[in-house]
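Hi,

Here is the structure I promised to pass on. Have a look at it first, and then read my notes underneath.

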Amino acid sequence: MCRVHLLYLWVLLLTMFCVFSCEPEKMDTVDAVLLVYIAADNDLSAEGVEKLEAMRWGWQADKKQKLLVYRDLSESLPRLLEITEDQELKVIQEFTEENSADPVVFNRVITQAQSLFPKATFNLLIFSHATGWLPHGAYLNPTMHDRAAGSNGVMQKTIMKDRQETMELSDFVDAIPDHAFEYIIFETCFSAGIEVAYALKDKCRYLMASSAEIVSP
């Protein structure tokens with residue numbers, strides 16, 4: 001599997017979408033929220049820490065926008081965080097050990113974030129492994145065609161990875177409420193296939209993704 005280290009993408013995002021913390025009684029004044037989903041309970045764990053630090057130090061304050069981060073790393077419990085105006089990490093909630101590639105967990109994070117800021121426009125950035133248009137397991141072993149097929153014989157595409165567990169594209173799509181996001185950005189490999197775009201046509205207006213491998217130096 002590949003590891004991802006796209007600093008320019010994060011700089012671009014920090015420039016485009018500056019957010020910071022607000023008091024609970026001012027939730028209705030928040031216009032936009034970027035939800036970053038770091039599913040890095042795998043060999044991307046160290047890079048997940050780097051991503052979070054890059055966001056924390058690069059973010060600029062804007063009272064009408066917010067940045068929320070769900071972070072699942074190998075050496076710590078999953079957390080839903082907020083980056084405050086003081087560039088601090090505010091823990092909204094810490095969870096017990098869970099599978100961040102489980103669509104139930106993914107949906108819960110989206111729903112919880114939306115409940116915090118019900119009037120805001122939401123956007124999503126995904127950081128993890130993905131096989132996109134490749135079947136499950138075929139990236140590491142292209143010969144395992146038979147085992148890559150699902151129980152119904154259909155070849156599966158995956159979006160996120162937690163240890164050895166992955167999330168199929170269909171489950172990823174089902175976990176997202178219709179029209180939930182203005183845009184979705186995939187910092188994952190092989191995620192710009194036409195089947196991904198078509199599957200998400202009712203979930204967001206814009207997609208940013210790579211059809212190829214995204215590698216780290």
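Below is what I found in it, going from the whole chain down to single residues.

First, a caveat: this is a predicted model.

**The chain as a whole**

There are 217 residues in the chain, and 50% of them are buried. The secondary structure amounts to six helices and nine strands. If you take the contacts between residues at least 6 apart in sequence, 71% of them join residues at least 24 apart. The accessible surface is about 10,300 Å², with carbon and sulfur atoms accounting for 54% of that.

**The sheet**

Seven strands make up an open sheet with mixed pairing, and the order to trace on your screen is E4-E3-E2-E1-E5-E8-E9. Strand E4 (89-94) and E9 are the edges: each has a single partner strand, so one side of each has no neighbour in the sheet. On average, neighbouring strands are turned by 20 degrees against each other, if you ignore direction.

For one pairing in detail, go to strand E5 (residues 121-127), which runs parallel to E8, with four bridges between them. Leu125 is a good place to zoom in, as its bridge partner in E8 is Ile185.

Two helices to look at against these strands are H2 and H3. Helix H3 (residues 103-116) packs on the sheet and touches E1, E2, E3, E4 and E5, with its direction at about 155 degrees to that of E1. H2 lies across strand E1 (32-40), strand E2 (65-73), strand E3 (79-83), E4, E5 and E8, and it runs at about 165 degrees to E2.

**The cores**

The largest nonpolar core has 36 residues, and the ones touching the most other members are Tyr37, Phe106, Met160, Phe172, Ile176 and Phe181. At least two residues of this core come from each of E1, E2, H3, E5, strand E6 (158-162), H5 and E8. H3 is the top contributor, giving six residues.

Which residues does Phe181 touch, leaving out those up to four places away in sequence? They are Ile110, Phe122, Asn123, Leu124, Ile176, Lys203, Cys204 and Arg205. There is also a second, separate core of 17 residues, with Ile38, Leu67, Ile83 and Tyr183 among them.

**A buried alanine in E1**

Ala39 sits in strand E1. Its relative accessible area is 0%, so Ala39 counts as buried. Leaving out residues up to four places away in sequence, Ala39 touches Asp72, Ser100, Phe127, Ser128, Met160 and Lys161. Ser128 is 89 residues from Ala39 in sequence, yet their C-alpha atoms are 5.2 Å apart.

**Salt bridges**

I count 11 salt bridges in the structure. Here are a few to click through.

Asp178 and Lys203 form one, with their closest N and O atoms 2.7 Å apart. This pair links distant parts of the chain, 25 residues apart: Asp178 is in the loop between helix H5 (169-174) and strand E8 (183-187), and Lys203 is in the loop between helix H6 (194-199) and strand E9 (206-208). Are the two partners buried or exposed? Lys203 is buried, because its relative accessibility of 9% falls under the 20% cut-off. Asp178 has 49%, so it counts as partly exposed. Lys203 is also the residue that turned up above among the contacts of Phe181.

Arg56 and Glu53 form another, at 3.0 Å from N to O. Both lie in helix H2 (residues 45-58), three residues apart, which is about one turn of the helix. Arg56 is buried at 13% relative accessibility, whereas Glu53 is partly exposed at 29%.

Then there is the bridge between the side chains of Lys201 and Asp202, at 3.1 Å from N to O. Here Lys201 is partly exposed at 44%, and Asp202 is partly exposed at 35%. Elsewhere, Asp41, Glu97 and Arg163 are joined into one network by salt bridges that share partners.

If you only have a few minutes, start with the sheet order E4-E3-E2-E1-E5-E8-E9, then look at Phe181 in the largest nonpolar core, and finish with the link between Asp178 and Lys203.

Cheers

Key
Residues numbered from 1 in each chain as written. Predicted model: local features only at pLDDT ≥ 70, side-chain atom pairs only at ≥ 80, totals over all residues. Heavy atoms only, no water. Buried < 20%, exposed > 50% of the residue type's maximum accessible area, 1.4 Å probe, protein only. Contact = heavy atoms within 4.5 Å. Areas by Shrake-Rupley, 256 points an atom, 1.4 Å probe, with all protein chains shown as cover. Salt bridge = Lys/Arg side-chain N within 4 Å of Asp/Glu carboxyl O. Pairing = 2+ DSSP bridges. Axes fitted to C-alpha atoms, helices over the stretch in contact; angles between N-to-C directions. Core = buried A, V, L, I, M, F, W, Y, C linked by side-chain atoms within 4.5 Å.
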